[in-house]
Amino acid sequence: MSAEVLHGLSLPVKSIPPKYFYDEAGSKLFDIITGLPGYYLTRTETAILRDNSTAIARRMDARACLVEYGSGSSVKSRLMLDACRPAAYVPVDISRDHLERSAKAIFDDYPALSVYPTCADYAMPFALPPPVAALPRLAFFPGSSIGNFEPDDASTFLRGVAEVVGEGGWLVLGVDTRKDREVLDRAYTDAGGVTEQFNRNLLLNINKTVGADFDAEGFRHLAVYNEEAGRIEMYLVSKRDQRVTVAGTEVDFAEGEALHTENSYKYDPEEFVARAEDSGFDCVDVLQDDRGYFMVLLLQAQIST
């Protein structure tokens, strides 16, 4: 972790990966963000899943293992569990405390379900628990977290998921779409400052996990839409000249210097379907809301002939 963070801080534009948002405090802040008026993503995706869960479930094997990448608050997880009724559930998340709490809630509410929480960075290869090895697999990756990957890395990730689910296995994937700048601005910068708290919390997490002395209040939140690249770019901007010690290494920030914390890519449906199909999946369906703000893709790992 120290090596990864120090590498990012040595780049011409300093950067820390967005996975470091999600300690226990960051996960709670993100849950608050999902309910904010301007943050359309969660409620739009949830409505799509609610309206189509029965149709999705009809395609799934009743003996399947549901593997969720990023366990989140489990609201969408429960829609999938109720509809698909899998034999086992493997939530995968980097935040151990948040993972254990959400997995325990699922275990309590679904006593017949085998639950195997797996603490891992899902962007990297990880092992599934041995008891699910023989089960058919359904992967679930909601929230448009695929947009946090650079496009080529998204393709690499999708190829990894195809290997996890195996030939004929399924992926239900949430993807945000390109839209007007004003809609995106409201989603990523709220008047109450919750998104700024969430962004700054990344620094507090680095202080704890890597050993650093970031002054989170010495940075301000900035989110901009790069229309040409089709992505929201999120930064923490230094309010003054300052020096931070990270894992024993001193790092200087100039006043106004931006620390990059997240990209969130938005895709046209045709664009992302082509990427998925180049990465080992057949696109069986694209489910969207009436405004076309969000899409849920139903993908099946290609079967060799």
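These legends go with four close-up views of a predicted model.

**View 1. Here are the nonpolar cores, with Phe214 in the middle of the story.** The largest nonpolar core has 59 residues. Leu9, Ile16, Met80, Val172, Ile206, Phe214 and Val246 are the members that touch the most other members. Take Phe214: leaving out residues up to four places away in sequence, its contacts include Leu9, Ile16, Ile206 and Val246. Phe214 also touches Leu203, Asn207, Phe219, Val244 and Phe253. Another core, made of 34 residues, lies apart from the largest one. Among its members are Phe141, Leu158, Ala162 and Leu299.

**View 2. Helices H2 and H8 cross at roughly 160°.** H2 covers residues 24-33 and H8 covers residues 194-211, and their axes come within 9 Å. Angles over 145 degrees count as roughly antiparallel, so that is the label for H2 and H8. The crossing is left-handed. On the H2 side, the residues in the contact are Ala25, Gly26, Leu29, Phe30, Ile32 and Ile33. They meet Val194, Thr195, Gln197, Phe198 and Asn201 of H8. Sorted by class, the contact of H2 with H8 has 7 nonpolar and 4 polar residues, and no charged ones.

**View 3. Helices H6 and H9 cross at roughly 50°.** Here H6 is residues 151-165 and H9 is residues 269-277, with axes that come within 9 Å. At that angle, H6 and H9 are therefore oblique to each other, and their crossing is right-handed. H6 brings Pro151, Asp152, Ala154, Ser155 and Leu158 to the contact, while H9 brings Phe272, Arg275 and Ala276. By class, that makes 5 nonpolar, 1 polar and 2 charged residues. Leu158 of H6 is worth a second look: this contact residue is also a member of the 34-residue core from View 1.

**View 4. Thr177 sits in a loop, but is it buried or exposed?** The loop in question runs between strand E6 (170-176) and helix H7 (181-188). Thr177 has 3% relative accessibility, and buried means under 20%, so Thr177 counts as buried. Which residues are in contact with Thr177, once neighbours within four places in sequence are set aside? They are Lys266, Tyr267, Gln288, Gly292, Tyr293, Phe294 and Met295. For a sense of scale, Thr177 and Glu262 are 85 residues apart in sequence, and their C-alpha atoms are 17 Å apart in space.

Key: Residues are numbered from 1 along each chain as its sequence is written. This is a predicted model: local features need pLDDT of at least 70, side-chain atom pairs count only at pLDDT 80 or more; totals for chains, interfaces and linings use all residues. Side-chain values use heavy atoms; hydrogens and water are left out. A nonpolar core is a set of buried Ala, Val, Leu, Ile, Met, Phe, Trp, Tyr and Cys residues joined through side-chain atoms within 4.5 Å. Buried means under 20% relative accessible area, exposed over 50%, partly exposed in between (1.4 Å probe, protein chains only). Contact means heavy atoms within 4.5 Å. Axes are lines fitted to C-alpha atoms, for helices over the stretch in contact, and angles run from 0 to 180 degrees between N-to-C directions. Helices (H or I, at least four residues) and strands (E, at least two) are DSSP runs, numbered from the N terminus. Angles under 35 degrees count as roughly parallel, over 145 as roughly antiparallel, 65 to 115 as roughly perpendicular and the rest as oblique. A crossing is left-handed if the near helix is turned anticlockwise from the far one by less than a right angle, and right-handed if clockwise. Ala, Val, Leu, Ile, Met, Phe, Trp, Tyr, Cys and Pro count as nonpolar, Asp, Glu, Lys and Arg as charged, and the others, Gly among them, as polar.
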